[in-house]
Amino acid sequence: MHQRAFPDTDCDRRAYEAAATVCDPEIPVLTIADLGVLRDVSVDEDGKVLAVITPTYSGCPAMSMIAVEVEAALLKAGFPDVCVKTVLSPAWTTDWMTETGKRKLRDYGIAPPVGKAGRGVLFGIDDVPCPRCGSSDTERVSEFGSTACKAFYRCQSCAEPFDYFKCI
Amino acid sequence: MRDPVVEYSLRLADNCVILGQRLSEWCGHGPTLEEDIALSNIALDLIGQARMLYAYAAEREGEDRDEDQLAFLRDCREFRNILLVEQPNGDFGRTIMRQLLFSAFMHPFWQAMTGSRDETLAAIAAKAEKEMAYHLRHSAEWVIRLGDGTDESHRRCRNALEELWDYTGELFETDAIENALIGNGVAVDPASLREQWQKTVENVLAQATLTCPADGYMQTGGRQGLHSEHLGHILSEMQFLQRAYPGGTW
(Lines give C-alpha, C1' and ligand atoms only; values in the text may rest on other atoms or scores of the structure.)
Protein backbone atom coordinates (compact mmCIF):
# COMPACT_ATOMS: atom_id res chain seq x y z
CA MET A 1 0.00 0.00 0.00
CA HIS A 2 1.34 3.42 -0.84
CA GLN A 3 -0.58 5.03 2.00
CA ARG A 4 -2.59 3.70 4.88
CA ALA A 5 -6.32 3.53 4.33
CA PHE A 6 -6.97 5.22 7.66
CA PRO A 7 -4.71 6.40 10.43
CA ASP A 8 -4.39 4.19 13.51
CA THR A 9 -5.23 6.64 16.27
CA ASP A 10 -6.91 9.98 16.76
CA CYS A 11 -3.51 11.56 17.14
CA ASP A 12 -2.32 10.00 13.88
CA ARG A 13 -5.53 11.11 12.22
CA ARG A 14 -5.11 14.71 13.38
CA ALA A 15 -1.49 14.76 12.14
CA TYR A 16 -2.48 13.16 8.84
CA GLU A 17 -5.26 15.65 8.27
CA ALA A 18 -2.93 18.56 8.99
CA ALA A 19 -0.30 17.30 6.54
CA ALA A 20 -3.00 16.51 3.98
CA THR A 21 -3.98 20.20 3.73
CA VAL A 22 -0.70 21.00 1.94
CA CYS A 23 -1.20 21.76 -1.75
CA ASP A 24 1.10 21.21 -4.69
CA PRO A 25 2.76 24.60 -5.23
CA GLU A 26 2.52 24.17 -9.01
CA ILE A 27 -1.07 22.91 -9.09
CA PRO A 28 -2.63 24.69 -6.13
CA VAL A 29 -6.05 23.01 -6.49
CA LEU A 30 -4.53 19.63 -5.60
CA THR A 31 -3.50 18.58 -2.13
CA ILE A 32 -0.60 16.21 -1.71
CA ALA A 33 -3.14 13.64 -0.50
CA ASP A 34 -5.13 14.02 -3.77
CA LEU A 35 -1.88 13.39 -5.65
CA GLY A 36 -0.84 10.37 -3.60
CA VAL A 37 2.41 12.17 -2.71
CA LEU A 38 1.63 11.94 1.02
CA ARG A 39 2.25 8.31 1.88
CA ASP A 40 2.01 8.11 5.62
CA VAL A 41 1.87 10.19 8.77
CA SER A 42 2.41 8.66 12.18
CA VAL A 43 2.98 9.95 15.68
CA ASP A 44 5.16 7.99 18.09
CA GLU A 45 4.62 7.81 21.86
CA ASP A 46 6.91 10.83 22.44
CA GLY A 47 4.72 12.91 20.14
CA LYS A 48 7.25 12.96 17.33
CA VAL A 49 5.63 13.02 13.88
CA LEU A 50 7.03 11.17 10.91
CA ALA A 51 5.55 12.29 7.59
CA VAL A 52 6.50 10.27 4.52
CA ILE A 53 6.30 11.82 1.05
CA THR A 54 7.34 10.55 -2.37
CA PRO A 55 8.54 12.50 -5.41
CA THR A 56 6.40 12.58 -8.53
CA TYR A 57 9.37 13.11 -10.87
CA SER A 58 13.10 12.81 -10.06
CA GLY A 59 13.76 16.48 -10.64
CA CYS A 60 10.43 17.91 -9.50
CA PRO A 61 11.27 21.30 -7.96
CA ALA A 62 8.04 21.25 -5.93
CA MET A 63 9.27 18.48 -3.61
CA SER A 64 11.48 20.59 -1.35
CA MET A 65 8.71 23.17 -1.09
CA ILE A 66 6.21 20.42 -0.19
CA ALA A 67 8.54 19.08 2.52
CA VAL A 68 8.85 22.55 4.08
CA GLU A 69 5.10 23.11 3.94
CA VAL A 70 4.29 19.72 5.50
CA GLU A 71 6.59 20.56 8.38
CA ALA A 72 4.98 24.01 8.76
CA ALA A 73 1.45 22.56 8.64
CA LEU A 74 2.28 20.05 11.38
CA LEU A 75 3.96 22.66 13.58
CA LYS A 76 0.90 24.86 13.19
CA ALA A 77 -1.34 21.95 14.15
CA GLY A 78 0.54 21.70 17.45
CA PHE A 79 3.13 19.01 16.74
CA PRO A 80 6.47 20.53 17.77
CA ASP A 81 8.71 17.65 16.72
CA VAL A 82 8.38 16.84 13.01
CA CYS A 83 10.44 14.79 10.60
CA VAL A 84 9.59 14.72 6.88
CA LYS A 85 11.09 11.78 5.03
CA THR A 86 11.21 11.29 1.26
CA VAL A 87 11.00 7.72 0.01
CA LEU A 88 11.42 6.51 -3.58
CA SER A 89 10.03 3.02 -3.47
CA PRO A 90 7.50 2.05 -4.66
CA ALA A 91 7.75 4.67 -7.39
CA TRP A 92 4.91 7.17 -7.46
CA THR A 93 2.33 6.65 -10.17
CA THR A 94 -0.61 8.73 -11.42
CA ASP A 95 -2.76 5.68 -10.55
CA TRP A 96 -2.57 6.92 -6.95
CA MET A 97 -4.30 10.17 -7.79
CA THR A 98 -7.75 10.20 -6.19
CA GLU A 99 -10.97 10.58 -8.17
CA THR A 100 -11.56 13.87 -6.33
CA GLY A 101 -8.11 14.96 -7.42
CA LYS A 102 -8.87 14.11 -11.06
CA ARG A 103 -12.13 16.05 -10.94
CA LYS A 104 -10.40 19.06 -9.37
CA LEU A 105 -7.73 18.95 -12.08
CA ARG A 106 -10.35 18.90 -14.85
CA ASP A 107 -12.26 21.79 -13.26
CA TYR A 108 -9.00 23.71 -13.12
CA GLY A 109 -8.48 23.23 -16.87
CA ILE A 110 -5.88 20.45 -16.79
CA ALA A 111 -6.86 17.13 -18.40
CA PRO A 112 -6.36 14.37 -15.79
CA PRO A 113 -4.39 11.20 -16.60
CA VAL A 114 -6.31 8.95 -19.00
CA GLY A 115 -6.45 5.29 -17.99
CA LYS A 116 -3.81 3.45 -16.04
CA ALA A 117 -0.08 3.98 -16.07
CA GLY A 118 1.82 1.13 -17.59
CA ARG A 119 3.63 -0.27 -20.54
CA GLY A 120 2.68 0.22 -24.13
CA VAL A 121 2.57 4.02 -24.12
CA LEU A 122 5.81 4.16 -26.11
CA PHE A 123 5.29 5.76 -29.52
CA GLY A 124 1.52 5.91 -29.08
CA ILE A 125 -0.57 9.06 -28.97
CA ASP A 126 -2.89 9.27 -25.98
CA ASP A 127 -6.52 10.18 -26.65
CA VAL A 128 -7.11 13.03 -24.26
CA PRO A 129 -10.51 14.72 -24.02
CA CYS A 130 -10.51 18.51 -23.78
CA PRO A 131 -11.08 19.58 -20.14
CA ARG A 132 -13.09 22.62 -21.30
CA CYS A 133 -15.54 21.32 -23.91
CA GLY A 134 -15.12 17.55 -23.53
CA SER A 135 -14.33 17.03 -27.23
CA SER A 136 -12.08 14.10 -28.02
CA ASP A 137 -10.84 15.85 -31.16
CA THR A 138 -7.57 17.01 -29.63
CA GLU A 139 -3.93 16.87 -30.66
CA ARG A 140 -0.67 16.86 -28.78
CA VAL A 141 1.49 19.92 -29.39
CA SER A 142 4.39 18.88 -27.17
CA GLU A 143 5.30 15.90 -25.01
CA PHE A 144 6.34 18.31 -22.26
CA GLY A 145 4.12 21.13 -21.03
CA SER A 146 4.70 23.74 -18.37
CA THR A 147 6.19 21.07 -16.08
CA ALA A 148 7.69 17.60 -16.62
CA CYS A 149 4.47 15.95 -15.43
CA LYS A 150 2.34 17.57 -18.14
CA ALA A 151 2.07 17.44 -21.92
CA PHE A 152 0.72 20.30 -23.98
CA TYR A 153 -2.41 19.72 -26.10
CA ARG A 154 -4.73 21.69 -28.33
CA CYS A 155 -8.46 21.14 -28.78
CA GLN A 156 -9.60 21.14 -32.42
CA SER A 157 -13.24 21.75 -31.45
CA CYS A 158 -13.02 24.77 -29.14
CA ALA A 159 -9.52 25.79 -30.29
CA GLU A 160 -8.28 26.13 -26.71
CA PRO A 161 -4.80 24.93 -25.71
CA PHE A 162 -4.59 22.89 -22.49
CA ASP A 163 -2.23 20.92 -20.30
CA TYR A 164 -2.56 17.15 -19.86
CA PHE A 165 -1.31 15.46 -16.69
CA LYS A 166 0.54 12.49 -18.18
CA CYS A 167 0.16 8.91 -17.01
CA ILE A 168 3.32 7.75 -15.36
CA MET B 1 39.73 -0.13 -3.24
CA ARG B 2 36.66 2.04 -3.51
CA ASP B 3 33.26 0.40 -3.00
CA PRO B 4 32.27 -0.73 -6.53
CA VAL B 5 28.65 0.37 -5.94
CA VAL B 6 29.92 3.91 -5.30
CA GLU B 7 31.89 3.80 -8.54
CA TYR B 8 28.90 2.43 -10.46
CA SER B 9 26.53 5.03 -9.02
CA LEU B 10 28.97 7.79 -9.94
CA ARG B 11 29.20 6.56 -13.53
CA LEU B 12 25.44 6.64 -13.87
CA ALA B 13 25.15 9.98 -12.06
CA ASP B 14 27.85 11.59 -14.22
CA ASN B 15 26.05 10.53 -17.42
CA CYS B 16 22.84 12.11 -16.14
CA VAL B 17 24.33 15.33 -14.81
CA ILE B 18 26.47 16.05 -17.88
CA LEU B 19 23.64 15.43 -20.34
CA GLY B 20 21.31 17.42 -18.09
CA GLN B 21 23.79 20.31 -18.11
CA ARG B 22 24.16 20.05 -21.90
CA LEU B 23 20.40 20.15 -22.45
CA SER B 24 19.97 23.09 -20.11
CA GLU B 25 22.22 25.08 -22.48
CA TRP B 26 19.13 25.21 -24.68
CA CYS B 27 17.12 27.03 -22.04
CA GLY B 28 16.14 30.33 -23.63
CA HIS B 29 17.49 29.25 -27.02
CA GLY B 30 15.11 26.45 -28.05
CA PRO B 31 13.84 26.47 -31.64
CA THR B 32 10.27 26.99 -30.39
CA LEU B 33 8.95 27.83 -26.96
CA GLU B 34 7.51 24.31 -26.56
CA GLU B 35 10.86 22.70 -27.35
CA ASP B 36 12.73 25.09 -25.12
CA ILE B 37 10.46 23.93 -22.29
CA ALA B 38 10.63 20.26 -23.28
CA LEU B 39 14.44 20.18 -23.30
CA SER B 40 14.53 22.01 -19.96
CA ASN B 41 12.10 19.50 -18.47
CA ILE B 42 14.16 16.57 -19.74
CA ALA B 43 17.27 18.24 -18.29
CA LEU B 44 15.45 18.56 -14.96
CA ASP B 45 14.55 14.85 -14.93
CA LEU B 46 18.17 13.92 -15.66
CA ILE B 47 19.57 16.23 -13.00
CA GLY B 48 17.04 14.82 -10.53
CA GLN B 49 18.20 11.29 -11.36
CA ALA B 50 21.82 12.42 -10.93
CA ARG B 51 21.03 13.93 -7.51
CA MET B 52 19.55 10.67 -6.24
CA LEU B 53 22.56 8.72 -7.52
CA TYR B 54 25.11 11.18 -6.10
CA ALA B 55 23.30 11.23 -2.76
CA TYR B 56 23.47 7.44 -2.63
CA ALA B 57 27.15 7.38 -3.66
CA ALA B 58 27.96 9.97 -0.98
CA GLU B 59 26.07 8.04 1.68
CA ARG B 60 27.86 4.78 0.84
CA GLU B 61 31.22 6.46 0.50
CA GLY B 62 30.93 7.78 4.07
CA GLU B 63 33.58 10.44 3.61
CA ASP B 64 31.48 13.45 4.52
CA ARG B 65 31.02 14.47 0.92
CA ASP B 66 27.51 15.28 -0.23
CA GLU B 67 25.81 15.21 -3.61
CA ASP B 68 26.84 18.81 -4.35
CA GLN B 69 30.50 18.14 -3.71
CA LEU B 70 30.44 15.10 -5.96
CA ALA B 71 28.89 17.12 -8.79
CA PHE B 72 30.66 20.41 -8.33
CA LEU B 73 34.08 19.69 -6.85
CA ARG B 74 35.40 16.82 -8.92
CA ASP B 75 37.70 17.53 -11.86
CA CYS B 76 37.56 16.36 -15.44
CA ARG B 77 39.65 13.26 -14.95
CA GLU B 78 37.43 12.14 -12.07
CA PHE B 79 34.24 12.26 -14.14
CA ARG B 80 33.11 8.86 -15.40
CA ASN B 81 30.46 9.79 -17.96
CA ILE B 82 30.49 8.32 -21.44
CA LEU B 83 31.72 10.60 -24.23
CA LEU B 84 28.33 10.69 -26.01
CA VAL B 85 26.70 12.86 -23.35
CA GLU B 86 29.41 15.54 -23.34
CA GLN B 87 29.29 16.07 -27.12
CA PRO B 88 28.27 19.61 -28.05
CA ASN B 89 24.62 20.34 -28.77
CA GLY B 90 25.18 21.52 -32.35
CA ASP B 91 21.83 22.30 -33.95
CA PHE B 92 18.48 21.01 -32.70
CA GLY B 93 18.74 17.96 -35.01
CA ARG B 94 22.05 16.95 -33.50
CA THR B 95 20.82 17.44 -29.94
CA ILE B 96 17.72 15.37 -30.60
CA MET B 97 19.74 12.61 -32.33
CA ARG B 98 22.09 12.40 -29.32
CA GLN B 99 18.98 12.23 -27.12
CA LEU B 100 17.52 9.36 -29.17
CA LEU B 101 20.74 7.31 -29.04
CA PHE B 102 21.01 7.81 -25.27
CA SER B 103 17.38 7.36 -24.23
CA ALA B 104 16.90 4.31 -26.47
CA PHE B 105 19.55 2.71 -24.28
CA MET B 106 18.60 4.18 -20.91
CA HIS B 107 14.93 3.24 -21.08
CA PRO B 108 15.53 -0.54 -21.21
CA PHE B 109 18.56 -0.08 -18.95
CA TRP B 110 16.52 1.43 -16.11
CA GLN B 111 13.76 -1.13 -16.70
CA ALA B 112 16.29 -3.91 -16.21
CA MET B 113 17.82 -2.14 -13.20
CA THR B 114 14.49 -2.27 -11.36
CA GLY B 115 15.53 -5.88 -10.70
CA SER B 116 18.88 -4.88 -9.16
CA ARG B 117 19.76 -6.57 -5.89
CA ASP B 118 20.72 -3.14 -4.60
CA GLU B 119 17.47 -1.76 -3.21
CA THR B 120 18.33 1.91 -3.63
CA LEU B 121 19.48 1.53 -7.23
CA ALA B 122 16.34 -0.50 -7.97
CA ALA B 123 14.18 2.27 -6.46
CA ILE B 124 15.94 4.99 -8.46
CA ALA B 125 15.54 2.83 -11.58
CA ALA B 126 11.79 2.40 -11.01
CA LYS B 127 11.40 6.18 -10.95
CA ALA B 128 13.78 6.90 -13.82
CA GLU B 129 12.46 4.32 -16.29
CA LYS B 130 9.04 5.99 -16.39
CA GLU B 131 10.63 9.36 -17.14
CA MET B 132 12.93 7.87 -19.74
CA ALA B 133 9.95 6.42 -21.66
CA TYR B 134 8.79 9.98 -22.32
CA HIS B 135 12.31 11.15 -23.23
CA LEU B 136 12.53 8.36 -25.78
CA ARG B 137 9.13 9.07 -27.26
CA HIS B 138 9.96 12.77 -27.53
CA SER B 139 13.30 12.30 -29.28
CA ALA B 140 12.05 9.51 -31.54
CA GLU B 141 9.13 11.61 -32.79
CA TRP B 142 11.46 14.51 -33.56
CA VAL B 143 14.05 12.37 -35.35
CA ILE B 144 11.25 10.96 -37.54
CA ARG B 145 9.84 14.41 -38.25
CA LEU B 146 13.22 15.93 -39.10
CA GLY B 147 14.72 12.95 -40.94
CA ASP B 148 11.60 12.60 -43.05
CA GLY B 149 11.27 16.38 -43.37
CA THR B 150 12.99 18.77 -45.76
CA ASP B 151 16.24 18.10 -47.61
CA GLU B 152 17.94 20.41 -45.14
CA SER B 153 16.58 18.75 -41.99
CA HIS B 154 17.30 15.30 -43.47
CA ARG B 155 20.90 16.28 -44.29
CA ARG B 156 21.51 17.71 -40.81
CA CYS B 157 20.09 14.63 -39.09
CA ARG B 158 22.15 12.31 -41.28
CA ASN B 159 25.35 14.23 -40.51
CA ALA B 160 24.55 14.22 -36.78
CA LEU B 161 23.90 10.48 -36.85
CA GLU B 162 27.17 9.75 -38.63
CA GLU B 163 29.15 11.93 -36.23
CA LEU B 164 27.52 10.60 -33.06
CA TRP B 165 27.49 6.92 -34.04
CA ASP B 166 31.17 6.49 -33.08
CA TYR B 167 30.22 7.31 -29.49
CA THR B 168 27.57 4.61 -29.12
CA GLY B 169 30.02 1.74 -28.61
CA GLU B 170 30.76 2.99 -25.12
CA LEU B 171 27.15 2.36 -24.06
CA PHE B 172 27.88 -1.36 -24.15
CA GLU B 173 31.36 -1.46 -22.63
CA THR B 174 32.07 -3.05 -19.28
CA ASP B 175 35.20 -3.40 -17.16
CA ALA B 176 36.26 -5.53 -14.20
CA ILE B 177 34.32 -3.39 -11.68
CA GLU B 178 31.12 -3.57 -13.67
CA ASN B 179 31.52 -7.25 -14.48
CA ALA B 180 31.78 -8.06 -10.78
CA LEU B 181 28.59 -6.09 -10.11
CA ILE B 182 26.84 -7.81 -13.01
CA GLY B 183 27.94 -11.12 -11.53
CA ASN B 184 26.29 -10.44 -8.18
CA GLY B 185 23.08 -9.01 -9.61
CA VAL B 186 23.66 -5.34 -8.70
CA ALA B 187 24.40 -4.10 -12.21
CA VAL B 188 22.86 -4.91 -15.57
CA ASP B 189 24.95 -6.32 -18.40
CA PRO B 190 24.63 -3.67 -21.15
CA ALA B 191 25.35 -6.33 -23.80
CA SER B 192 21.98 -7.89 -22.94
CA LEU B 193 20.29 -4.63 -23.99
CA ARG B 194 22.09 -4.24 -27.29
CA GLU B 195 19.54 -6.01 -29.44
CA GLN B 196 16.66 -3.99 -28.03
CA TRP B 197 18.59 -0.73 -28.44
CA GLN B 198 19.50 -1.58 -32.04
CA LYS B 199 15.89 -2.50 -32.81
CA THR B 200 14.49 0.74 -31.38
CA VAL B 201 17.07 2.90 -33.13
CA GLU B 202 16.71 1.10 -36.48
CA ASN B 203 12.93 1.31 -36.30
CA VAL B 204 13.01 5.07 -35.67
CA LEU B 205 15.70 5.70 -38.28
CA ALA B 206 13.79 3.70 -40.90
CA GLN B 207 10.71 5.86 -40.33
CA ALA B 208 12.96 8.90 -40.52
CA THR B 209 14.29 7.69 -43.93
CA LEU B 210 17.76 7.51 -42.38
CA THR B 211 20.15 4.60 -42.49
CA CYS B 212 21.87 3.11 -39.48
CA PRO B 213 25.63 3.61 -39.96
CA ALA B 214 27.87 0.54 -39.94
CA ASP B 215 29.84 0.00 -36.73
CA GLY B 216 33.39 1.16 -37.34
CA TYR B 217 35.96 2.61 -34.99
CA MET B 218 34.34 3.46 -31.66
CA GLN B 219 35.48 6.26 -29.36
CA THR B 220 36.09 5.29 -25.77
CA GLY B 221 37.72 6.48 -22.55
CA GLY B 222 35.00 8.27 -20.57
CA ARG B 223 34.76 5.61 -17.86
CA GLN B 224 38.51 5.86 -17.32
CA GLY B 225 38.30 9.65 -17.03
CA LEU B 226 39.72 10.28 -20.51
CA HIS B 227 37.38 12.83 -21.99
CA SER B 228 37.06 14.95 -25.08
CA GLU B 229 38.04 18.62 -24.78
CA HIS B 230 34.37 19.51 -24.36
CA LEU B 231 33.97 18.21 -20.81
CA GLY B 232 36.37 20.78 -19.34
CA HIS B 233 34.30 23.57 -20.81
CA ILE B 234 31.04 22.17 -19.43
CA LEU B 235 32.54 21.74 -15.98
CA SER B 236 34.03 25.23 -15.94
CA GLU B 237 30.54 26.62 -16.44
CA MET B 238 28.71 24.13 -14.24
CA GLN B 239 31.18 24.34 -11.36
CA PHE B 240 31.98 28.05 -11.54
CA LEU B 241 29.86 29.18 -8.62
CA GLN B 242 31.08 26.51 -6.20
CA ARG B 243 34.71 27.10 -7.20
CA ALA B 244 34.46 30.88 -6.95
CA TYR B 245 32.57 30.83 -3.64
CA PRO B 246 33.67 27.64 -1.89
CA GLY B 247 31.04 26.21 0.43
CA GLY B 248 28.36 28.56 -0.86
CA THR B 249 24.81 27.32 -0.37
CA TRP B 250 21.39 28.70 -1.19
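# Exercises on a predicted two-chain model

Asp64(B) lies in the loop between helix H2 (33–61) and H3 of chain B. The structure is a predicted model, and the exercises below start from this residue.

## Exercise 1. Backbone angles

Task: State what is notable about the phi angle of Asp64(B) and decide whether Asp64(B) is buried or exposed.

Solution.
Step 1. Recall the usual case: most residues other than glycine have a negative phi, and most peptide bonds are trans.
Step 2. Asp64(B) is not a glycine, yet its phi is positive, at about 65°.
Step 3. The relative accessible area of Asp64(B) is 77%. Exposed means over 50%, so Asp64(B) counts as exposed.
Step 4. Compare Thr209(B), in the loop between H9 and H10 of chain B. Thr209(B) also has a positive phi, of about 55°, without being a glycine. With a relative accessibility of 44%, Thr209(B) is classed as partly exposed.

Task: Find which form the peptide bond from Ser89(A) to Pro90(A) takes, and where Pro90(A) lies.

Solution.
Step 1. Omega for this bond is near -5°, and the bond from Ser89(A) to Pro90(A) is cis.
Step 2. Pro90(A) is placed in the loop between S3 and helix H4 (99–108) of chain A.

## Exercise 2. Salt bridges in chain B

Task: For the pair Glu61(B) and Arg65(B), give the closest N to O distance and classify Glu61(B) and Arg65(B) by accessibility.

Solution.
Step 1. The cut-off for a salt bridge is 4 Å between a side-chain nitrogen of Lys or Arg and a carboxyl oxygen of Asp or Glu. The closest N and O atoms of Glu61(B) and Arg65(B) are 2.7 Å apart, and the two residues form a salt bridge.
Step 2. Glu61(B) has a relative accessible area of 16%. Buried means under 20%, so Glu61(B) is buried.
Step 3. Arg65(B), at 25%, is partly exposed.

Task: Asp75(B) and Arg243(B) meet in a salt bridge; say where each partner sits.

Solution.
Step 1. The N to O distance in this bridge between Asp75(B) and Arg243(B) is 3.1 Å.
Step 2. Asp75(B) is in the loop between helix H3 (67–72) and helix H4 (83–86) of chain B, while Arg243(B) is in helix H11 (residues 240–244). The partners are 168 residues apart, and the pair links distant parts of the chain.
Step 3. Asp75(B) is partly exposed at 46% relative accessibility, and Arg243(B) is partly exposed at 37%.

Task: Explain why the bridge between Asp215(B) and Arg194(B) ties together parts of chain B.

Solution.
Step 1. In the salt bridge of Asp215(B) with Arg194(B), the closest N and O atoms are 3.5 Å apart.
Step 2. Asp215(B) lies in the loop between helix H9 (194–207) and helix H10 (230–238) of chain B, and Arg194(B) lies in helix H9, so the bridge connects parts that are 21 residues apart in sequence.
Step 3. Both are partly exposed: Asp215(B) at 48% and Arg194(B) at 29%.
Step 4. Salt bridges that share partners also build one network, whose members include Arg2(B), Glu7(B), Glu61(B), Arg65(B) and Asp175(B).
Step 5. Over all chains the count is 26 salt bridges.

## Exercise 3. Inside and surface

Task: Decide whether Phe162(A) is buried or exposed, and list some residues that Phe162(A) touches.

Solution.
Step 1. Phe162(A) belongs to strand S7 (residues 161–165) of chain A.
Step 2. Phe162(A) is buried, since its relative accessible area is 2%.
Step 3. Phe162(A) touches residues more than four places away in sequence, among them Val128(A), Pro129(A), Phe152(A) and Tyr153(A).
Step 4. Phe162(A) and Ile110(A) are 52 residues apart in sequence, while their C-alpha atoms are 6.3 Å apart.

Task: Name the residues of a negative surface patch on chain A and of a nonpolar surface patch on chain B.

Solution.
Step 1. Asp44(A), Glu45(A), Asp46(A) and Asp81(A) form the negative patch. Asp81(A) sits in the loop between helix H3 (62–76) and strand S3 (82–86) of chain A and is partly exposed at 38%.
Step 2. The nonpolar patch consists of Phe240(B), Leu241(B) and Tyr245(B), with about 370 Å² of accessible area together. Leu241(B) lies in helix H11 of chain B and is exposed at 52%.

## Exercise 4. Chain A as a whole

Task: Describe the make-up of chain A from its helices and strands and its share of buried residues.

Solution.
Step 1. Chain A has four helices and seven strands, in the order α-α-β-β-α-β-α-β-β-β-β along the sequence.
Step 2. Of the 168 residues in chain A, 51% are buried.
Step 3. The exposed area of chain A is about 7,900 Å², with 52% of it supplied by carbon and sulfur atoms.
Step 4. Chain A carries 18 positive and 24 negative side chains, and the centres of these two sets are 3 Å apart.

Technical notes: Residues are numbered from 1 along each chain as its sequence is written. Chains are lettered from A and ligands numbered from 1 in the order in which they are written. This is a predicted model: local features need pLDDT of at least 70, side-chain atom pairs count only at pLDDT 80 or more; totals for chains, interfaces and linings use all residues. Side-chain values use heavy atoms; hydrogens and water are left out. Patches are made of residues with over 30% relative accessible area and no salt bridge: like charges are joined within 9 Å, nonpolar side chains (Val, Leu, Ile, Met, Phe, Trp, Tyr) within 5 Å. Accessible areas come from the Shrake-Rupley method with a 1.4 Å probe; for residues, only the protein chains shown count as cover. Lys and Arg count as positive and Asp and Glu as negative; His and the chain ends are not counted. The place of a charge is taken as NZ of Lys, CZ of Arg, CG of Asp or CD of Glu. Helices (H or I, at least four residues) and strands (E, at least two) are DSSP runs, numbered from the N terminus. Buried means under 20% relative accessible area, exposed over 50%, partly exposed in between (1.4 Å probe, protein chains only). Contact means heavy atoms within 4.5 Å.
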